[in-house]
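Here is a short briefing on one protein chain. Please look over the sequence and the structure before reading on.

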Amino acid sequence: MYANDYYGFFVFKGPSLSGTSSKSFGSILLGYGGGRAYLPFKEATLGGSTANVSKIFYCPSLTESNWVPAGSDASKFEFYTYGMPAYAYDVTFNQLGQTSTSSFIHKFYNAAGQERGCYYVSSRMKKPTATILMADSGRDNTDAAPGLQTSEITLKYSSPAGKGIMLRHRNRANAAYFDGHAAGGTAYDYRKSACEVKNFVQGDNEFLKIN
């Protein structure tokens, strides 16, 4: 529905109301800023702030008390959701037939200052059936919140370090693709896929890189 309403655009990072920070796709889908909510949500108040939250963005293996680190406020919910790949950081996807500049668009807004918006455009993807939209995500033991989800993952590049597709399900992970289907696989399945994924977090929160 969202893709149909916005001409195939998917938000990787979008502008906040003040124009000073980026908002995740999860916040946009939950009606951030008064827009249409595409998914059911509840309002959660934590640490003095209130945010729209949906359990749809959290793996059932995580209890609600582990959706954000201890001491965080509700605004942090969006940073601990299923991971959306930061294709802008990754190297050329030869098998997908797309480079880092052909799978997304940078757009600058002038509302209350310059704010970067980054969008993935399904109509510009040669293989949306093989391009990951979201996946099981996790942070490794070098992070302040090991094991918790992270909304931004890199599939190949070394930064942000210690964040990747998390093998939450008996050494397997689930992913949703831009054409709408979902599938699971092992680290080696993803490594051999068109996305050539290299960055993973194992069930013990150890980072795993497969070159």
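The points below cover the overall make-up, the sheets, the hairpins, the salt bridges and the cysteines.

The model is predicted. The chain has three helices and 15 strands. Buried residues account for 48% of its 211 residues. Six salt bridges are counted, and disulfides number zero.

**Overall make-up**

- The secondary structure consists of three helices and 15 strands.
- Of the contacts with a separation of 6 or more, 58% link residues 24 or more positions apart.
- The chain's accessible surface is about 10200 Å². Carbon and sulfur atoms contribute 53% of that surface.
- Of the 211 residues in the chain, 48% are buried.

**The four-stranded sheet**

- One open sheet has four strands, in the order 9-11-14-15. Its pairing is mixed.
- Strand 9 (137-139) and strand 15 (207-209) are at the edges. Each has a single partner strand, so one side of each has no neighbour in the sheet.
- From one strand to the next, the twist averages 50°.
- Strand 9 and strand 11 run antiparallel and are joined by three bridges.
- G138 has G164 as its bridge partner in strand 11.

**The three-stranded sheet**

- A sheet of three strands is also open, with the order 8-12-13. The pairing here is antiparallel.
- The edge positions belong to strand 8 (132-135) and strand 13 (182-186). Each of these has a single partner strand, so one of its sides is left without a neighbour in the sheet.
- On average, neighbouring strands of this sheet are turned by 35° against each other, direction ignored.
- Strand 12 (residues 172-177) and strand 13 run antiparallel, with five bridges between them.
- Bridge partners along this pair include R172 with T186 of strand 13, and A176 with A182 of strand 13.

**Hairpins**

- Strand 12 and strand 13 form a hairpin with four residues between the strands. In this hairpin, G180 takes a positive phi near 105°.
- Strand 3 and strand 4 form a hairpin with two residues between the strands. Here G47 has a positive phi near 60°.
- The pairing of strand 3 with strand 4 is antiparallel and runs over five bridges.
- L46 has S49 as its bridge partner in strand 4.

**Salt bridges**

- Side chains of opposite charge can pair when their charged atoms come close.
- In this chain the count of salt bridges is six. Three of them are described here, beginning with E64 and K42.
- E64 and K42 form a salt bridge, with their closest N and O atoms 2.7 Å apart. E64 sits in the loop between strand 4 (49-53) and strand 5 (84-85), and K42 in strand 3 (residues 42-46), so the pair ties together parts that are 22 residues apart in sequence.
- Both partners are partly exposed: E64 has a relative accessible area of 47%, and K42 one of 40%.
- K156 pairs with E196 in a salt bridge, the closest N and O atoms being 2.9 Å apart. K156 belongs to the loop between strand 10 (152-153) and strand 11 (163-166), and E196 to the loop between helix 3 (187-192) and strand 14 (199-201), so this salt bridge ties together parts that are 40 residues apart in sequence.
- K156 counts as buried, because its relative accessibility of 8% is under 20%.
- D143 and R139 form a salt bridge too, with 3.6 Å between the closest N and O atoms. R139 is buried, at 6% relative accessibility.

**Cysteines**

- Disulfides in the structure number zero.
- C59 is buried, at 1% relative accessibility.
- C195 is also buried, with a relative accessibility of 1%.

Notes
Residues are numbered from 1 along each chain as its sequence is written. This is a predicted model: local features need pLDDT of at least 70, side-chain atom pairs count only at pLDDT 80 or more; totals for chains, interfaces and linings use all residues. Side-chain values use heavy atoms; hydrogens and water are left out. A salt bridge is a side-chain nitrogen of Lys or Arg within 4 Å of a carboxyl oxygen of Asp or Glu. Buried means under 20% relative accessible area, exposed over 50%, partly exposed in between (1.4 Å probe, protein chains only). Contact means heavy atoms within 4.5 Å. Accessible areas come from the Shrake-Rupley method with a 1.4 Å probe; for residues, only the protein chains shown count as cover. A disulfide is a pair of cysteine sulfur atoms within 2.5 Å. Two strands pair if DSSP finds at least two bridges between them. Axes are lines fitted to C-alpha atoms, for helices over the stretch in contact, and angles run from 0 to 180 degrees between N-to-C directions.
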